[in-house]
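Student: I should like to go through this protein with you, beginning with its charged pairs and ending with its backbone. Could we proceed by question and answer?

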Amino acid sequence: MKYYITIPLLLLFLSSCVSNKEFSYLQGQPKANTEIKRINDVPYKLQIDDMVHIIIKSNNQELVAVFKKNENNSSNTATTNQNFSGNANYYSDYSVDNYGNIRVPTLGEVNVLGYTVEEVQKKIENKLKDFVKEGENIFVAVKLAGIKFTILGEIENPGTRVIYQNKVSILDAIANSGDITDVGNRKAVEIMRPTISGVEKYTIDLTNINAFNSEVFYIKPNDYINVLPLKQKSWGTGTTGLQSLTTIVTVLSLITSTIILARNL
């Protein structure tokens, strides 16, 4: 009788333990690329709720001061100063509203929905031409003011975060969220990406070195990252050999106790 009980439990023990390979990131050797992949370099197009950082520099201090004077009409904060070369600087962060606009002092509303930051920069430069006199220099720079993402599932610290960089990998996002738990599936991390045309869903295997070549290795603003659980979690058998053994010993004790009680009846 005990063999009929022990053998299935032993098989359960062996299958319930999580291999070390399940915990390790970026394993193996990278494959040699035979073609150039440009998917990760496709310019990002701005969406609602994105934060845009705008810098304006000019040797005309009065021109730059115009933006600061009118800043009271905007909900964004701005800063102006003068550097050692004599140029005055203006910079501020703007949130894209529900209509796809940002409201820049003096210039008014600028529609940025679906445009790249380079295209928005050209838009602002064209609007500024009406204010620039001959001989005056002006410089405009537009970039994302950080990348916001939401991470859920088997992660130590789930939630919504902002990383103030222009380029953020999924490993950066996970590291900033306390790493994946012991029962998180590193081989099938889901990314839901809202786009103008709808939501796109991807899966990435973070245990494989070739994750670097994935089109979603670098996340985009407003991405949702979902770390799925391993099957061992649903079994409730534990992730390590010791945890699984403890569970199996407990089950075996219950079965033995039941058999003894049945014989005494």
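The dialogue below concerns a predicted model.

Student: How many salt bridges does the structure hold?
Tutor: Side chains of opposite charge can pair when their charged atoms come close. In this predicted model, one such pair is K201 with E190, and another is D223 with R193. The number of salt bridges that the structure holds is two.

Student: Which strands does the salt bridge between K201 and E190 link?
Tutor: The closest N and O atoms of K201 and E190 are 3.5 Å apart, which lies within the cut-off of 4 Å. The two residues are 11 positions apart in the chain, and the pair links distant parts of it. K201 belongs to residues 198-204 and E190 to residues 184-195, that is, to strands β11 and β10 respectively.

Student: Is K201 buried or exposed?
Tutor: Its partner E190 has a relative accessible area of 13%, so E190 is buried. For K201 the relative accessibility is 55%, and a residue over 50% counts as exposed. K201 is therefore exposed.

Student: How far apart are the closest N and O atoms of D223 and R193?
Tutor: D223 is in strand β13 (residues 223-229) and R193 is in strand β10, with their positions 30 residues apart in the chain. Both D223 and R193 are buried. The closest N and O atoms of this salt bridge are separated by 2.7 Å.

Student: Which element gives the most to the lining of the largest pocket?
Tutor: The largest pocket has a volume of about 750 Å³. Its lining comprises 30 residues, with V42, P43, Y44, K45 and K220 lying nearest the centre. At least two lining residues come from each of α3 (117-128), β6 (138-144), β10, β11 and β12 (218-219). The element that gives the most, with three residues, is β10.

Student: How many residues of the lining of the largest pocket are charged?
Tutor: The lining residues divide by class into 14 nonpolar and six polar, with the remainder charged. K45 and K220, which are among the residues nearest the centre, are lysines and so fall in the charged class. The number of charged residues in the lining is 10.

Student: Where do the buried residues of α3 lie around its axis?
Tutor: The 12 residues of α3 should span 16 Å at 1.5 Å a residue, and this agrees with the 16 Å between its end C-alpha atoms. The buried residues of this helix are V117, V120, I124 and L128. They cover an arc of only 80 degrees around the axis, so they lie on the same side of α3.

Student: Is N222 buried or partly exposed?
Tutor: N222 has a positive phi of about 75 degrees although it is not a glycine, and it lies in the loop between β12 and β13. T106 also has a positive phi of about 75 degrees without being a glycine; T106 is partly exposed, at a relative accessible area of 32%. For N222 the relative accessible area is 14%, which is under the 20% cut-off, so N222 is buried.

Student: How far apart in space are V142 and I54, C-alpha to C-alpha?
Tutor: V142 is placed in strand β6. With a relative accessible area of 8%, V142 is buried. V142 and I54 are 88 residues apart in sequence, yet their C-alpha separation in space is 4.7 Å.

Technical notes: Residues are numbered from 1 along each chain as its sequence is written. This is a predicted model: local features need pLDDT of at least 70, side-chain atom pairs count only at pLDDT 80 or more; totals for chains, interfaces and linings use all residues. Side-chain values use heavy atoms; hydrogens and water are left out. A salt bridge is a side-chain nitrogen of Lys or Arg within 4 Å of a carboxyl oxygen of Asp or Glu. Helices (H or I, at least four residues) and strands (E, at least two) are DSSP runs, numbered from the N terminus. Buried means under 20% relative accessible area, exposed over 50%, partly exposed in between (1.4 Å probe, protein chains only). On a 1 Å grid over the protein atoms alone, a cavity is a set of points where a 1.4 Å probe fits but cannot get out, and a pocket is an open set with protein on both sides within 12 Å along at least five of seven lines; lining residues have an atom within 4 Å of a point. Grid points are joined across faces, edges and corners, and a volume is the space filled by probe spheres set on the points. The expected span of a helix is 1.5 Å times one less than its number of residues. The arc is that of the directions from the helix axis to the C-beta atoms.
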